[in-house]
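Welcome, and please open the structure in your viewer. We will go from one selection to the next and look at aromatic rings.

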Amino acid sequence: MIQQLGIIGCGLMGGSFALALKRAGLVKRVVGYSKSPSTTERALRLGVIDVSADSALQAVAGSDVVLLAVPVAATETTLKAIRHLVEPGLLVMDVGSTKRDVVDAARRALRERVASFVPAHPIAGKEASGIQHADAGLYAGRQVILTPLPQTPVELVQKATDLWSSIGAQVLKMTAENHDHAFAAVSHLPHLLAFAYFSGVVGQPAGRDLLSLAGPGFRDFTRIAASDPTMWRDILLANREEVLKQSQRFRQALDALEQVMLAGNGPALQELLRVASEGRRGWQMGAPRVPPVR
Ligand code: NAP
């Protein structure tokens, strides 16, 4: 049982974590802090948190677990602000979508206290952000990737694993480098492409008229283009090296398709489509094949 959970960033992800632990009866008290006092007040009104804090530090005081659920670009400043209350035994986690920059920021901000930090990325979310969308079931049945640091005590990593598991998540461990490489391919690039594709359609003359004719395929393909632009700016910049590599691969695949179309080469086009189609039909979400790091 957690005596006190400190949430820094009372939005979709932080709020959902608090609600999930409350629903499971695993937390006595949740103290929350957000940049805008109105957000913290709203979290209090919605019953997501029990106490509103005036600062990040206040949300950490007396907590045994702290979850940072702020934009990844705010990680370093936030950790610096709470550093002197980060004592051995306290578990501090984040939920950021990128991990190398978060780990680097944590090393700089927490220095020798970084052993208390267990970086986490839940593979769950919604296009709509904000506390009003927080959902106790958001993490149930979803994967959570932990990228523990070498100096983090095994017991603390286990505590993080147990917490996420207790709200129905499946925990995987890998290095921050492997994480950023993998998620550039399966999350960051698809978002970039969805934004680009949607802009390309709507930006052409009569683009809005085209949209009025779009069906379920278009809706499925562009769903993630409605995601939060500020959050995605941070993610795409933080992991740009890996995303740009994946973007090159995508360009090659698109070029190959365009070339056979230009040549009117039906069998070659069909073969390229067959490989993708069979691969997609054989794919099952949530069947991880990444070797654990420890
Ligand atoms: P969100 O709903 O917008 O919540 C972010 C919260 O952080 C807001 O309450 C915001 O407060 C607060 N905040 C921003 N800067 C802050 C600061 N410097 N100090 C304290 N609070 C601050 O966003 P979210 O979707 O929960 O995303 C949070 C994190 O989750 C991001 O790092 C993102 O990469 C990660 N993530 C998101 C998803 C997803 O699908 N949404 C999935 C996986 C991971 P105000 O309301 O006052 O601005």
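How many aromatic pairs does the count come to? In this predicted model, the count comes to 5 aromatic pairs.

Start by selecting tyrosine 197 and phenylalanine 218. Their ring centres are 5.9 Å apart and the planes meet at 55°, so this pair is tilted. Now show the helices as ribbons. Tyrosine 197 sits in helix H7 (residues 176-202), while phenylalanine 218 belongs to helix H9 (residues 216-222). With their positions 21 residues apart, the two rings link distant parts of the chain.

Next, switch on the surface. Is phenylalanine 218 buried or exposed? Phenylalanine 218 has a relative accessible area of 17% and is buried, because buried means under 20%. Tyrosine 197, at 36% relative accessibility, counts as partly exposed.

Keep tyrosine 197 selected and add phenylalanine 221. This aromatic pair is edge-to-face, with 5.1 Å from centre to centre and 90° between the planes. Here again distant parts of the chain are linked: tyrosine 197 lies in helix H7 and phenylalanine 221 in helix H9, 24 residues apart. On the surface view, phenylalanine 221 is partly exposed, with a relative accessible area of 49%.

For the last stop, which residues do ring pairs link into a cluster? Select Tyr197, Phe198, Phe218 and Phe221 together, and you have that cluster on screen.

Notes
Residues numbered from 1 in each chain as written. Predicted model: local features only at pLDDT ≥ 70, side-chain atom pairs only at ≥ 80, totals over all residues. Heavy atoms only, no water. Phe/Tyr/Trp six-rings, centres within 6.5 Å; stacked < 30°, edge-to-face > 60°. Helix = DSSP H or I, 4+ residues; strand = E, 2+ residues; numbered from the N terminus. Buried < 20%, exposed > 50% of the residue type's maximum accessible area, 1.4 Å probe, protein only.
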